[in-house]
Amino acid sequence: MTFGDSFEDIELSPYKWVTHMDKLEAIARGEDISPVTVELDLVSYCNHNCGWCVDPKHMNHSLERIFVSQLLDELKELGIEGIVFKGGGEGTLHQSYAEILEETRGLGFEVGIVTNGSKLLELYDQITRNASYVRISIDGPTPESHQSIHRSNDFDNIVAGIKEIIQLRECLGQRHPIVGLSFAMDYSLIDFIGEAIKLGNNLGANYVFFRPPFFEEVGRQNTITVDQKRELLAAFERGKKDYNGKMKVFIDYWISDSEAEYFSSRGDSPRRGKYMQKGANGIEHITGRCLASPLLAVVAADRNVYPCCNLRFIEEWSIGKLDYGSGDTFERLWHGEKRKKIIDRIYRIECIGFCTHPMSKYNEVIEYLKTPRHHRGFV
Ligand SMILES: C[S@@+](CC[C@H](N)C(=O)[O-])C[C@H]1O[C@@H](n2cnc3c(N)ncnc32)[C@H](O)[C@@H]1O
């Protein structure tokens, strides 16, 4: 992507990291920082049941309303800029979801939402007025294909909700929320890629995002072969190439460890292969470290704080449990002994087995900032 073609949808620009130079420079100097973004899981349950869900441990936690306010106030004080309501379950099921959105935006945070879309018809007004982006995990672009993944029967309802958001956004003359549809598609849906692009385009979405689901990284048995995955990626690319509209089409080229092994057992290194060159897999595999982790934190619906979205609900990676009654604030946990030990393990990528490389681009910049920056004098 060039700057020219990303200028319109500047929110999707590959240069967004420039906005965080101060934090990236600080990390490169070896300093600790407070996060830019906090993911806040309002609940740990879901009304859909995707076979390969990254949150396999659905439970029955729901954050208390008063706790959410205390936390948001503290995060504001600490200078956190964005709150993302995304994982751990389906956040829109929280009984005070609309109110919490308004409070979060009212405090001046940017608000991001990732949702299965099942509550959009009820919540579209508050979402459109308060969110900077909303990404709908729709995965199947027809009622049947959607049901085969989500095991729910609400495709038409979800699509109707997305239409309301886009229509209201237009009515209000707003640029936000940026609306994206994500498709984690396994091989069974390879023939639905054109349909998926058509759906996004017809709805007026800003982007569609394709990826084969993660399996081993989220503790699941892989159900597609390496060759099937390559076929899928090639089909995503064909879909993208055949599309001439103005919506963006993104593809995630992630290569799992088992694929990497498969390629190296054939003497065919994925690093040199077609997909690797397109930016798959992170610099972390080369440097053996992840320094960018402090840019993000996750507060799970049981009030445990995790340093990365891929580690939520894995007990050994919790930096502690928030409890305002006993003084265990976010700040105290963030600067506590437990986090120091955990962040050292993250710097050494002891968590690589769970990694899908959300911080990879930031790590590349930090690694560069740590060099002597030879040839600075030349443009
Ligand atoms: C686990 S969901 C939680 C948030 C919300 N319930 C939703 O459906 O968007 C967060 C995102 O992870 C994606 N996801 C879940 N499991 C995945 C997997 N195994 N591989 C790739 N993406 C996955 C979903 O499609 C969704 O976009």
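**Exercise 1.** Describe how strands E2 and E3 pair, and trace the chain from E2 to E3.

*Solution.* Begin with the pairing: E2 and E3 run in the parallel sense and are joined over four bridges, where two strands count as paired if DSSP finds at least two bridges between them, and where helices (H or I, at least four residues) and strands (E, at least two) are DSSP runs numbered from the N terminus. Within this pair, Phe85 stands opposite Ile113 in E3. Next, follow the chain, which passes from E2 through helix H4 (residues 97-106) to E3 in a right-handed β-α-β crossover; right-handed says that, with the strands pointing away from the viewer, the path from the first strand over the helix to the second runs clockwise.

The model is a predicted one, in which local features need pLDDT of at least 70 and side-chain atom pairs count only at pLDDT 80 or more, while totals for chains, interfaces and linings use all residues. Residues are numbered from 1 along each chain as its sequence is written.

**Exercise 2.** Place this pair in the whole sheet and find the edge strands.

*Solution.* The open sheet has 10 strands in the order E7-E6-E5-E4-E3-E2-E1-E8-E9-E10, with mixed pairing. At its edges lie strand E7 (248-251) and strand E10 (320-321), each pairing on one side only.

**Exercise 3.** Identify which residues surround the ligand.

*Solution.* Of the 19 residues around the ligand (C-beta atom, placed from the backbone, within 6 Å), Val54, Asn116, Ser137, Pro213 and Phe214 come nearest. Turning to the elements, strand E3 (110-115) and E5 are those that give two or more residues to this shell.
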